[in-house]
Amino acid sequence: MSRLVMKFGGTSVGDVERIRRVARLVSAERKAGRGIAVVVSAMSGETNRLVELSRQAGEGLPPELFDDEYDVVVATGEQVTTGLLALALRSMGIPARSWQGWQIRVASSSAHGSARISDIDAEEVAAAIDSGEVAVIPGFQGVTEEDRITTLGRGGSDTSAVAVAAALKAERCDIYTDVDGVYTTDPRMVPKAQRLEKISYEEMLEMASLGAKVLQTRSVELAMAKRVPVRVLSSFVEPGEPNPGTLVCDEDEIVEKQIVSGIAYSRDEAKVSLKALQDHPGVAADIFGRLAEANINVDMIVQAPSRTEGAVNMTFTVPEREADRAMALMSAAQEQIGFEQVEVKKDVSKVSVIGVGMRSHVGVARIMFDALSKKGINIENIATSEIKISVLIDSSYTELAVRALHTAYGLDAA
């Protein structure tokens, strides 16, 4: 019997009626002869409520006395959903039961609030599925070697689903969400955006890390590492209604590769500039070593000559929420590092074009820069990889840039 993992996010299980719709979708897949495991998130809004309760109850506690019990509290949201869905399935005459993370043994690291899955013992669950029972599993959580509950961080249910699919050797992991697939860009910003039939793991990983919010980045990394095909579908349909979605798969499975598959953007960026930085070996290692030790993620590094002899200007981007901390860190080490001034600019956006077709086509960058130039949009920083080009621009031009690039690369729907 082939196995299928189905994952439903918070909006998909937001109330009992939506949970019943999920049960109908599960029933349809089961009737097709597959063994089914369902991974669920907490009902929409529930995790936020539990987070706030935890903060109120543990106000003033240091992390070492707060984090582990915080995980115990917030993990209950998914536990509730598993029980409700199992009951809804049973009411339809379908054998089902919930399996909590500690029952399956979703082994994880002990980093409470941001744990990583290390192993899943799926043997018992696999036997139950193969016997015809639907296994309903909570996403977002695991258990340490000391039998303490952990959570995986926001969006962790996607990662849970892919990990379960890999452990069960499932034919696919279907992730049901509030959109009907992966689009060439945000359709709310560009009405002409097209749903992609297929997208490669590499492209999806770039899109997720560069601002697209359809899939969580770690889930795509895991899917690519374990070669688990992932399909993104709409949960707001009934069984039998068209729901083709988007398949995230190996590049080799995509026959016709577009030069550019999508345009991603992120408004949550800030630019940090170090002026008149002493130019000598080891200075960059010092700067970025300090930032790494503070767990501040850095992107789009640019170094240029300074008017000061023997010095350079260095700029880099960080998440906007980390900008003040990065500036304070640099200011505190100004004498040791050796620079004259540090500046932070927060009203910037990162806009990226992504596509595996870039590997075999020239002129991709020229199209991007030409399209932005024609709209009068100045580029502040540039970063590239084998399948993406990102530019940093003034945030007020974000929508104009995305629309212009979507048209320039021929992605507009006919």
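Student: Which residue of β15 is the bridge partner of Glu 269?
Tutor: This is a predicted model, in which local features need pLDDT of at least 70 and side-chain atom pairs count only at pLDDT 80 or more, while totals for chains, interfaces and linings use all residues. Residues are numbered from 1 along each chain as its sequence is written, and side-chain values use heavy atoms, with hydrogens and water left out. Strands β13 (residues 262-278) and β15 (residues 311-319) pair in the antiparallel sense over eight bridges, where pairing requires that DSSP find at least two bridges between two strands. Within β15, the bridge partner of Glu 269 is Pro 319.

Student: Which are the edge strands?
Tutor: Helices (H or I, at least four residues) and strands (E, at least two) are DSSP runs, numbered from the N terminus. The open sheet of six strands, with antiparallel pairing, has the order β14-β15-β13-β16-β18-β17. The strands that pair on one side only are therefore the edges, namely β14 (299-305) and β17 (381-385).

Student: What angle does the direction of helix α11 make with that of β16?
Tutor: Helix α11 (residues 323-332) packs on the sheet and touches β13, β15 and β16 (341-354), contact meaning heavy atoms within 4.5 Å. Axes are lines fitted to C-alpha atoms, for helices over the stretch in contact, and angles run from 0 to 180 degrees between N-to-C directions. For α11 and β16 the angle is about 135°.

Student: Is Phe 140 buried or exposed?
Tutor: Phe 140, in the loop between β6 (134-138) and β7 (141-143), has a positive phi of about 80° although it is not a glycine. Buried means under 20% relative accessible area, exposed over 50%, and partly exposed in between, with a 1.4 Å probe and protein chains only. Because its relative accessibility is 8%, Phe 140 counts as buried.

Student: What is the relative accessible area of Lys 169?
Tutor: Lys 169 is placed in the loop between α7 (156-168) and β9 (172-177), and has a positive phi of about 55° without being a glycine. Lys 169 is exposed, its relative accessible area being 71%.

Student: Are α1 and α4 roughly parallel or oblique to each other?
Tutor: Helix α1 (residues 16-31) and helix α4 (residues 76-91) pack at an angle of about 60°, with their axes 9 Å apart. Angles under 35 degrees count as roughly parallel, over 145 as roughly antiparallel, 65 to 115 as roughly perpendicular, and the rest as oblique. The two helices, α1 and α4, are therefore oblique.
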